Amino acid sequence: MATDEGELSARYQNTLDALSSLITKRSSFVSNNQSQRFRLLLHYLKVLELEDAVSQLKIIHVAGTKGKGSTCVFAESILRCYGLRTGLFTSPHLIDVRERFRLNGIEISQEKFVDYFWCCFHKLKEKTSNEIPMPTYFCFLALLAFKIFVTEQVDVVILEVGLGGRFDATNVIQKPVVCGISSLGYDHMEILGYTLAEIAAEKAGIFKSGVPAFTVPQPDEAMRVLNEKASKLEANLQVVEPLDSSQRLGLQGEHQYLNAGLAVALCSTFLKEIGIEEKNGLNQTSGLPEKFVSGLSNAYLIGRAMVVPDSELPEKIVYYLDGAHSPESMEACAIWFSKQIKQNQERSQKRSEQILLFNCMSVRDPSLLLPRLRSKCIDHGVDFKKAVFVPNVSVYNKVGYSSNDDTRVDSVTWQFGLQRLWDSLARGEAKSNLESVSKGKEDEVKSFVFSSLPLAVDWLRDNARHSKQVRFQVLVTGSLHLVGDLLRLIRK
């Protein structure tokens, strides 16, 4: 293994370049391609000599539209408190691809990642042909996760579905210990379907014959499909309720009590299935076992409900980061942000301004996102003084990042569209609110488009320096990529 830091850094960048070569355009993900690629997974496992080993892994498998990553993080943290060696596979990453692979709660080292990557890459490359191409990006990452967890001899694998469930690369597993479905909603509809029933059917594709499964309360249309799929497979599907809000959680937001409740059910079943039972039990009036409480309170997930002061002006600018990108998660984000602002106002007498920093990918419908965010914040007494729209720094055909990012972009047409939508919402509210009209132009919400995130951050800092009595509270949302870009930028 490499020990020289410079050599390792170069090897790691070469690894990221090779991984980038596996990225394909989203438009190619049609149903036929998905089923074909899924059938190839068993072949890839054979090539990597992982077929038998993967079947021996003890796995918790989680799908869903919202909260599946948080559920997996809660579950991993709980099981680690029981002394189990854990392997966690989640997506997407925000800053570094190694975030997707955690061993005992810590992302895999560069050195191990490089070695495992090339071991898999070379074996698969040797067996490629016109009929059997290299795995696509996410498929390769899932195979890499299996290689890492098998070789590292973990006691439990917590596996988050990437997209959907039925044809997801993680669904190559045959017999997980327990399955979970987090909250369902409308996302990736061009792939999963345009109704909740269709989306639920894809998510329920992770159910296995006789394997216990849990879900949270779902809309009737979705719940009906989940029950039908579970019944056909004789999988015992149970609905779990949110944890009591008195329980302290490591992840912030009211919606996390729903995810935590699902994680508790998954872990309880897992521990019973492998023969580890907490003496106090989970149904005692004394509450959750101590190890569950500790796991839930110490869970951590980057980019979700994070509060980060600016690195240059920590007393003047505070970023509130949440990678919400669906209508339902946008509402949850708005509630969390509003509560944070209210709590801050109670603790501090300093005047503050709320600013929105937003972008969403073009596959999203901003007319379903921005109105919900704005109206929910206003319902909770929080209104944005300014709104800023920027493109992401990161590009989607490359995994690694250059240390000197080009701040220019070819077009901000999409961002101007977001701005027009936001301005129309503001005008609509002003027309229906005589008080807003009477305030005059000086107090109107202002919106801006910047051609890059670094330029927007520079603008925020310049304004903060000139506004001596005001603290800027900046909500950054709409895209996990945007959140990751900002974290990387302010931590330089």
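**Exercise 1. Work out how helices α5 and α6 sit relative to each other.**

Step 1. Know what you're looking at: this is a predicted model, where local features need pLDDT of at least 70 and side-chain atom pairs count only at pLDDT 80 or more, while totals for chains, interfaces and linings use all residues. Residues are numbered from 1 along each chain as its sequence is written, and side-chain values use heavy atoms, with hydrogens and water left out.

Step 2. Pick out α5 (110-126) and α6 (137-151). Helices are DSSP runs of H or I with at least four residues, strands are E runs of at least two, and both are numbered from the N terminus.

Step 3. Take the axes, which are lines fitted to C-alpha atoms over the stretch in contact, with angles running from 0 to 180 degrees between N-to-C directions. For α5 and α6 they come within 10 Å and cross at roughly 120 degrees.

Step 4. Sort that angle: under 35 degrees is roughly parallel, over 145 roughly antiparallel, 65 to 115 roughly perpendicular, and the rest oblique. So α5 and α6 are oblique to each other.

Step 5. Add the hand: the crossing is right-handed, that is, the near helix is turned clockwise from the far one by less than a right angle.

Step 6. List who touches whom, with contact meaning heavy atoms within 4.5 Å. On the α5 side, the residues include Phe113, Tyr116, Phe117 and Cys120; α6 brings in Phe140, Leu144 and Lys147, among others.

**Exercise 2. Which element gives the most to the largest nonpolar core?**

Step 1. Set the rule: a core is a set of buried Ala, Val, Leu, Ile, Met, Phe, Trp, Tyr and Cys residues joined through side-chain atoms within 4.5 Å. Buried means under 20% relative accessible area, against over 50% for exposed and in between for partly exposed (1.4 Å probe, protein chains only).

Step 2. The largest core has 46 residues, and Phe89, Phe101, Phe140, Leu144 and Phe146 have the most contacts inside it.

Step 3. Elements giving two or more residues include α1 (5-20), α2 (31-47) and β5 (156-160). The winner is α6, with 12 residues.

Step 4. Zoom in on Leu144: leaving aside residues up to four places away in sequence, this side of the story has Leu144 touching Phe101, Phe113, Tyr116, Phe117 and Cys120.

**Exercise 3. Is β10 enclosed or uncovered, and what are its partners?**

Step 1. Check burial: 5 of the 5 residues of β10 are buried, so the strand is largely enclosed by the rest of the structure. Ile317, Tyr319 and Leu321 cover one side, and Val318 and Tyr320 the other.

Step 2. Look at β9 (residues 306-309): the pairing with β10 (residues 317-321) is antiparallel over 4 bridges. Strands pair if DSSP finds at least two bridges between them. Met306 stands opposite Leu321, and Pro309 is partnered by Val318.

Step 3. Now β14 (residues 470-477), which pairs with β10 in the parallel sense over 5 bridges. There, Tyr320 has Leu475 as its bridge partner.

Step 4. Compare the faces of β9: Met306 and Val308 are on the covered one, Val307 and Pro309 on the uncovered one.

**Exercise 4. Which strands are at the edges of the 8-stranded open sheet?**

Step 1. Write the order, β4-β3-β2-β5-β1-β6-β7-β8, with mixed pairing.

Step 2. Read off the ends: β4 (106-107) and β8 (237-239) each pair on one side only.

Step 3. For β8, that neighbour is β7 (residues 213-215), paired in the parallel sense over 3 bridges, with Leu237 as the bridge partner of Ala213.
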